[in-house]
Amino acid sequence: MKRAFLVFSFSVLCMAAGSVVAQSKVWSAEKANAWYQEHKWLTGANYIPANAINQLEMWQADTFDPATIDKELGWAESIGFNTMRVFLHSVAWKTDAVGFKKRIDQFLTIAEKHHIQPLFVFFDDCWNKVPAAGRQAAPKPGIHNSGWEQDPGQPASTDPANFPLLERYVKDVLTAFGHDRRILLWDLYNEPGNSGKGDSSLVLLSKVFEWAWAVRPDQPVSAGLWSWELEKLNAFQLTNSDVITYHDYEELPWHLRVIELLKANGKPLICTEYMARTRNSRFSTILPMLKKEKVGAINWGFVEGKTNTIYAWDTPIPDGGQPMEWFHDIFRSNGAPYDVRETDFIKSVTLK
């Protein structure tokens, strides 16, 4: 998130033409707010098990690990989290669609046991460009998210020849789970335009909304704003999301300004990524503010593991040593808090 957002045209918030594919399919502000009021204040983290380097290692049959998921979601429940943001992957579905859906159902059963209602992410423009099924690479020491995979990848995301298969994937999963009350929300596309793609991601972004509307799940659909320079993408995401989701890793005053502007849309807000300690986006400052503003709070990172997100995006430690301060994540791999004062503070906010 950059401060250039403050010059982002207010008219985009109210744009009703040009970026809308099928506005009649989008929830009204009244419906979105009614849905939001049915839920307790939403708090949680972006989640992947400690023993998975990426979405494929989480979901493929050979490495799906319900015991670890059960243990770690228990830690989430213990600090008052009631949702988790979880990335799916089209390659896992393509390899084994039936088994993939069974594993989603198993994950949802575990989450429900811990009173957690997750949201699922379909596509993603971040990190490695060419995902492949099978054994995944080992982590690169000290490198943030060294093994995370884009979905469907680069240049695959801009090739219309891939769209029929991706359409079947989205519609199959939404048809299977679109009425499942264990699911909070569908996040259709993480950070469209990242990795230098820019506006070229608008084609797939618009397609995935069309595919979702064709099924029209009971749960809301959204795609989170993240880069204020991408005006065409931002306009599309704002006008076509049932509820407004966004990312913000800035310190409190700038994050609050983003909220104040996004509230002009009239729909509920859920921050689906925040908390980077060395950028001064911290639980101690951001979490109470989000609660006061009635904005859902989902931080990046939960448990130290193969994703290496204790390391900052731009500050690798090639020998794999501990950073002076963790960038993301709350728990060590053994379940001990990174900072017990921090987890005590989280509980003081979430469990009130």
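The following dialogue explains the terms applied to this predicted model.

Modeller: The model is predicted, so local features need pLDDT of at least 70 and side-chain atom pairs count only at pLDDT 80 or more, while totals for chains, interfaces and linings use all residues. Residues are numbered from 1 along each chain as its sequence is written, and side-chain values use heavy atoms, with hydrogens and water left out.

Biologist: What makes strand 1 and strand 8 a pair?

Modeller: Two strands pair if DSSP finds at least two bridges between them. Strand 1 (residues 43-46) and strand 8 are joined in the parallel sense over three bridges, so the definition is met. Within strand 8, Ala297 is the bridge partner of Thr43. Helices (H or I, at least four residues) and strands (E, at least two) are DSSP runs, numbered from the N terminus.

Biologist: What is the order of the strands in the open sheet?

Modeller: The eight strands follow the order 5-4-3-2-1-8-7-6, with parallel pairing. Strand 5 (221-222) and strand 6 (244-247) stand at the edges with a single partner strand each, so one side of each has no neighbour in the sheet.

Biologist: Why is Met275 called buried?

Modeller: Buried means under 20% relative accessible area, exposed over 50%, and partly exposed in between (1.4 Å probe, protein chains only). Met275 has a relative accessible area of 0%, and is therefore buried. Its place is the loop between strand 7 and helix 10, and its phi is positive, about 85°, although Met275 is not a glycine.

Biologist: Why is Trp127 called partly exposed?

Modeller: The relative accessible area of Trp127 is 36%, so Trp127 is partly exposed. Trp127 belongs to the loop between strand 3 and helix 6, and its phi, near 75°, is also a positive value in a residue other than glycine.

Biologist: What is notable about the peptide bonds to Pro152 and Pro155?

Modeller: The bond from Asp151 to Pro152 is cis, with omega near 5°, and the bond from Gln154 to Pro155 is cis, with omega near 15°. Most peptide bonds are trans.

Biologist: How do you know that the span of helix 5 agrees with the expected value?

Modeller: The expected span is 1.5 Å times one less than the number of residues. For the 17 residues of helix 5 (residues 97-113) this gives 24 Å, and the end C-alpha atoms are 25 Å apart, which agrees. The buried residues of helix 5 include Phe100, Ile104 and Leu108.
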